[in-house]
Amino acid sequence: MMYTCNTCCLGFETSELQRTHMKCDWHRYNLKRRVADLPPVSESGFNGKMQQMSESTEGDGSKDKVLTKKEQKRKEKAALLEKKRQLLEVARQNMLKAMQDQQKKAESEGIMTVEEPLPIPVIQPKDFALTEEEREEAEMTPDQLAEKLMAEKISNKVDIPTNVCLFCNHNQKEKHLSTFKDMEENIDHMFKCHGFYIPEQKYLVNKEGLIEYMGEKIGLGNVCIVCNYQGRNLQAVRSHMLSKRHCRIPYESTDDKLEISEFYDFSSTYQNYKKPETVIISADDVSAAGEEDGEWEDVTDEEGDGVEIPEEEYLYNDGMALHLPTGIKVGHRSLQRYFNQVIKPEKELTEGQGTLVAADTRSFLSTFDKKTVQVQQRAWQSEVKDKKRDAKRSAKFINQQTHYRDQLLQ
């Protein structure tokens, strides 16, 4: 039986010779040539190449080795430090020379001098290289800076009409924004695609103004309509609102309601409220009444039979529900899951009924045997111990597997 090596095109009488050949460098070199779609090299050609390479490395032994990036950086850093040290040394020599010259000059003139420490240079902000814009901003007052920022925002303003989506460019083509037929179609698109819901639509009197206000908040201020996130531009704010699901008008807190209160009119909800009548009395009437009746007197109603004041009907919110003048309580949609619950009413049982219920439930309880529980605990402990032991053994001998030879190498 012959054992062959398809890579080097050789035949071997035994499998041992084949294995020895596959471990040599010649076989590895031919494998690399085979991957590169090159013909194999004979043994003599491979030996010649190896000898030539060894001679070239011996000839280049005296030359410097190729430096790695790390060694090259280290060498450059050392050269830079050496250059700085030389410059400092030159500066120190020049300073000493100047001091010696000054001392000699003073001695020649007969003047006693007191050595004073050299002044320490103070670095001022003007020593740094600033651009003209940065220099102008540094000289501006806070009000001027705010005006400049507002002017930049107005110059970069993006007008969002009422028939364009606030959160995306629906079917946008290059630079032209696609528009809907009217505002209602746009609102329907935002509701279906982004969940944009307008609260209290029954009392909304200026829907177009509300949409324009939201468009200015996004296009001019680049602010999220829910969390007031400040974006760099319109695209950043839209991406934020889409990713955070902030495509709605907040209507939870009092501040949120006051922000959009100018677009609503709730006067129909308290139309039954009677305002107290006000009587306008002029100065002539007061003087005339004073002349007729004399001086004014304070009137007190001791028996409490004064004017009957009707009970006021008004709309208020206690934090959990909205109380209407008709007596109806309206809950918030966030608490809908609790309002939909049907809780079984509690029954007040008599003493005899309670005794019967207690006797029935007592019969369902299982008897407690201390010995049985102890046996169950011991069985559970032994089971856990066996599982831990098996896990340790499997982890210890995980790499000791039987080796199977590839049939192609035999």
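Which residues line the largest cavity? In this predicted model, the lining of the largest cavity is made by Met-214, Lys-217, Ile-225, Ile-249, Pro-250, Asp-256, Glu-259 and Ile-260. The briefing below takes up that cavity, then the largest pocket, and lastly the packing of helix H7 (residues 183–194) against helix H8 (207–219).

**The cavity**

- The count comes to 1 cavity of 30 Å³ or more, and the volume of the largest cavity is about 30 Å³.
- Helices H8 (207–219) and H10 (254–259) each give at least two residues to the lining of the largest cavity.
- Sorted by class, the lining of this cavity holds 5 nonpolar and 3 charged residues, with no polar residues among them.

**The largest pocket**

- The largest pocket encloses about 880 Å³ of space, and of the 27 residues that line it, those closest to its centre are Glu-200, Tyr-251, Lys-257, Asn-317 and Leu-322.
- Helix H10 (254–259) contributes at least two residues to the lining of the largest pocket, as does each of the strands E3 (316–317), E4 (321–323) and E5 (329–331).
- Helix H10 also supplies at least two residues of the lining of the largest cavity.
- By class, the lining of the largest pocket consists of 16 nonpolar, 7 polar and 4 charged residues.

**Helix H7 against helix H8**

- The axes of H7 (residues 183–194) and H8 come within 11 Å of one another and cross at roughly 60°, which makes H7 oblique to H8.
- The crossing in which H7 passes H8 is left-handed, and the contact is formed by Met-183, Glu-184 and Ile-187 on the H7 side and by Lys-207, Glu-208 and Ile-211 on the H8 side.
- The residues of this contact between H7 and H8 divide into 3 nonpolar and 3 charged, with no polar residues.
- Besides its contact with H7, helix H8 supplies at least two residues of the lining of the largest cavity.

Notes:
Residues are numbered from 1 along each chain as its sequence is written. This is a predicted model: local features need pLDDT of at least 70, side-chain atom pairs count only at pLDDT 80 or more; totals for chains, interfaces and linings use all residues. Side-chain values use heavy atoms; hydrogens and water are left out. On a 1 Å grid over the protein atoms alone, a cavity is a set of points where a 1.4 Å probe fits but cannot get out, and a pocket is an open set with protein on both sides within 12 Å along at least five of seven lines; lining residues have an atom within 4 Å of a point. Grid points are joined across faces, edges and corners, and a volume is the space filled by probe spheres set on the points. Helices (H or I, at least four residues) and strands (E, at least two) are DSSP runs, numbered from the N terminus. Ala, Val, Leu, Ile, Met, Phe, Trp, Tyr, Cys and Pro count as nonpolar, Asp, Glu, Lys and Arg as charged, and the others, Gly among them, as polar. Axes are lines fitted to C-alpha atoms, for helices over the stretch in contact, and angles run from 0 to 180 degrees between N-to-C directions. Angles under 35 degrees count as roughly parallel, over 145 as roughly antiparallel, 65 to 115 as roughly perpendicular and the rest as oblique. A crossing is left-handed if the near helix is turned anticlockwise from the far one by less than a right angle, and right-handed if clockwise. Contact means heavy atoms within 4.5 Å.
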